[in-house]
Amino acid sequence: MDKFVLNIIHRPEMVPEYSATVTGQGKEEDIGDQGLLTESLDIFKTQQRIAHENGLKVTIQMTYGSLYNEEAIELAKHDHEAYGDEISLSLLGLPCDEFREKYHTKDFCIWMFSMEDKKAIVDDIFELFYDRFGFYPESTGSYYLDAPLINYIKEKYPMVKCAIATCWEEGPKAYHTCNNSWYTLFDGGPWAPWIPSKQNTHAPAANEEEDSGIVAIPHLSRDLIACYDGNGSNFGTHPQNVLRGMIYDTKTWEYPYLYNLIDQYRSLEKYNNGYAYNMMFVGPGWMNKMGRWESPYELLVKSYTDGCRYYAKLKEEGQLVDMTMSEFADYYREKKHYTEPECALWRDILYGSDKQLFWYCDPYMRACVNMDQGGAIVDLRPYAAKIDWPVGIGTPHVEDASYPFLIQEKYRAGYFTHYAGEGTIRSAKLSHNGEEVDLALCRTKAHFSQEGDTRILTLDPVTIEFADMSVTLQTKEYFEEGSGAIKIERNIIEMSDPTAEVSLNEYMVACYGTTEYPEDMSGITLRAEGDEPQEIIYGYRCREAYIVGATEVSANIPAITTKVSMTASDATAEGYIKEGYAFSPMFTLGYRKNITDKEVFATWLNLEKGN
């Protein structure tokens with residue numbers, strides 16, 4: 001087992017996004033206000049002091065505004081010499097008088113600018129950094145960095161080896177919990193460090209040719225259940241995320257959830273060949289002197305101090321190693337190979353339920369398996385397509401940088417729908433004498449194992465009760481590294497009537513999109529391959545086609561250059577394709593087979609780049 005790896009990142013924002021609105025309450029906007037600048041620098045000093053008192057190394061990400069502040073520059077130089085902190089460069093923190101005077105805009109999200117402006121800003125701030133420090137930074141970052149921008153940075157400034165490149169599940173859920181005002185949508189990326197491909201930041205590189213040249217880290221380490229189900233900004237290992245989520249004792253100012261969350265990240269070494277990672281990315285706005293998130297300044301400071309103390313304790317015990325961003329990039333390159341997946345069997349530590357999710361991420365897919373829904377796949381992103389998705393002014397996606405999904409239970413209903421039609425899910429149904437039960441209704445638990453390059457989820461058996469008999473079934477799900485496929489195996493362990501037959505329907509309901517709102521499904525081609533191939537060009541007409549002995553059922557989705565297919569272990573199984581309708585704009589792929597006691601039937605879900 002490796003030591004638990006920690007990145008702590010501070011940025012001296014001179015105009016913190018939160019402090020500016022609180023400190024300036026009741027005044028006309030003045031982002032050059034000296035009181036605000038002084039307070040911001042004082043908070044940065046406090047954060048640095050707390051980390052260093054606990055023996056922790058920091059990456060200091062200088063902002064545009066801080067490069068015009070002599071004190072901030074001298075502080076960074078001092079802490080680099082005294083504590084080994086890395087002086088880095090943030091593409092956050094652009095707002096300041098100098099930036100607005102030069103670019104004549106209030107935009108501050110680097111990925112939202114036009115490509116021409118992105119390049120100009122990068123050149124401006126990198127050269128400004130060099131002028132102040134005499135060298136170029138080895139790491140950078142933002143909430144999100146799109147692939148063309150990463151490619152430009154790496155080409156122009158090849159010494160950059162690490163970047164904060166996305167914020168996990170920062171999409172419609174975050175938008176809605178910010179009063180529909182947080183126009184930063186980037187769902188669908190990895191939750192842990194990865195090497196982004198040249199084609200799309202979210203999708204990890206499969207080989208050296210696709211390698212963008214940097215190691216990417218997430219903006220925050222977040223709770224992989226609570227964040228997925230709700231607003232991620234409330235559930236992260238940044239202590240003041242936990243305060244914002246009100247997950248602490250208001251009388252004692254204690255927050256066991258924070259330590260449990262850090263420990264669950266430590267536990268991920270069990271699923272990743274001994275490797276586990278956590279990061280904490282902090283700007284001054286979190287420690288506003290007037291308080292924040294219904295918390296007084298004293299609690300804000302206490303939470304950050306306690307968080308650093310916990311990391312220091314782990315370090316003293318020899319369980320943790322703190323690294324700068326560039327140090328981590330070197331470590332990651334040595335530790336991981338391109339097709340090696342990131343896995344997380346995550347359990348609920350907040351609400352007291354027994355819920356488990358399994359997350360899997362590699363260069364071909366990101367998938368989420370929900371044990372509360374019988375091991376159904378409830379989120380699926382087709383990384384194999386390496387979708388070309390330009391973002392920013394002048395592109396089709398000014399704000400929406402998300403990686404499109406094929407399955408997403410939060411935005412496309414999942415199994416539980418309100419009225420009619422179907423939601424997106426990959427599950428199975430058992431039928432017998434006119435009764436039908438979906439495995440998505442059968443809660444279970446999963447156990448992780450690894451055989452060679454295959455990660456295996458073995459689910460506890462479930463028993464389905466029909467009127468005249470019962471069936472006990474076990475599911476195993478296989479994620480074979482580098483294959484772009486998920487094998488799902490159903491094993492009939494026992495039937496109360498060993499002579500009976502039940503019908504097994506393995507199905508996938510899917511669509512594509514990045515938000516709750518439907519996309520145009522026209523032009524999707526559904527095919528069932530076999531002796532007499534069947535094809536449906538999507539037209540919202542509820543058509544279906546079936547082939548006994550189908551060798552493959554598939555959907556080709558030109559809008560996201562993705563082909564998704566299913567294949568089966570039994571050549572006699574019936575494959576089928578279904579077209580949806582306007583109220584339920586989905587498509588369905590599946591296989592049906594009659595199975596008996598002790599029988600095993602497997603299907604594969606396959607992802608590849610489409611036409």
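**Exercise 1. Determine whether Asp-379 and Arg-366 are buried or exposed, and describe how their side chains meet.**

Asp-379 is buried, with a relative accessible area of 0%. Arg-366 is likewise buried, at 0%. Here buried means under 20% relative accessible area, exposed means over 50%, and partly exposed lies in between (1.4 Å probe, protein chains only).

This is a predicted model, in which local features need pLDDT of at least 70 and side-chain atom pairs count only at pLDDT 80 or more, while totals for chains, interfaces and linings use all residues. Residues are numbered from 1 along each chain as its sequence is written, and side-chain values use heavy atoms, with hydrogens and water left out.

The side chains of Asp-379 and Arg-366 form a salt bridge, 3.1 Å from N to O. A salt bridge is a side-chain nitrogen of Lys or Arg within 4 Å of a carboxyl oxygen of Asp or Glu. A network of salt bridges links Glu-169, Arg-366, Asp-379 and Arg-381.

**Exercise 2. State which parts of the chain the salt bridge between Asp-229 and Lys-410 links.**

The side chains of Asp-229 and Lys-410 meet at 2.9 Å, N to O. Asp-229 lies in helix α8 and Lys-410 in the loop between β13 (407-408) and β14 (425-432), so that distant parts of the chain, 181 residues apart, are linked. Helices (H or I, at least four residues) and strands (E, at least two) are DSSP runs, numbered from the N terminus. Asp-229 is partly exposed at 33% relative accessibility, and Lys-410 is partly exposed at 32%.

**Exercise 3. Check whether the length of helix α10 agrees with its number of residues.**

The expected span is 1.5 Å times one less than the number of residues. For the 12 residues of α10 (residues 256-267), this gives 16 Å. The end C-alpha atoms are 16 Å apart, which agrees. Among the buried residues of α10 are Tyr-257, Leu-258 and Leu-261.

**Exercise 4. Describe the lining of the largest cavity.**

A cavity is found on a 1 Å grid over the protein atoms alone, as a set of points where a 1.4 Å probe fits but cannot get out; lining residues have an atom within 4 Å of a point. The largest cavity has a volume of about 160 Å³, a volume being the space filled by probe spheres set on the points, which are joined across faces, edges and corners. Its lining has 18 residues, and Trp-194, Ile-195, Pro-204, Tyr-332 and Glu-340 lie nearest its centre.

Definitions and conventions. On a 1 Å grid over the protein atoms alone, a cavity is a set of points where a 1.4 Å probe fits but cannot get out, and a pocket is an open set with protein on both sides within 12 Å along at least five of seven lines; lining residues have an atom within 4 Å of a point.
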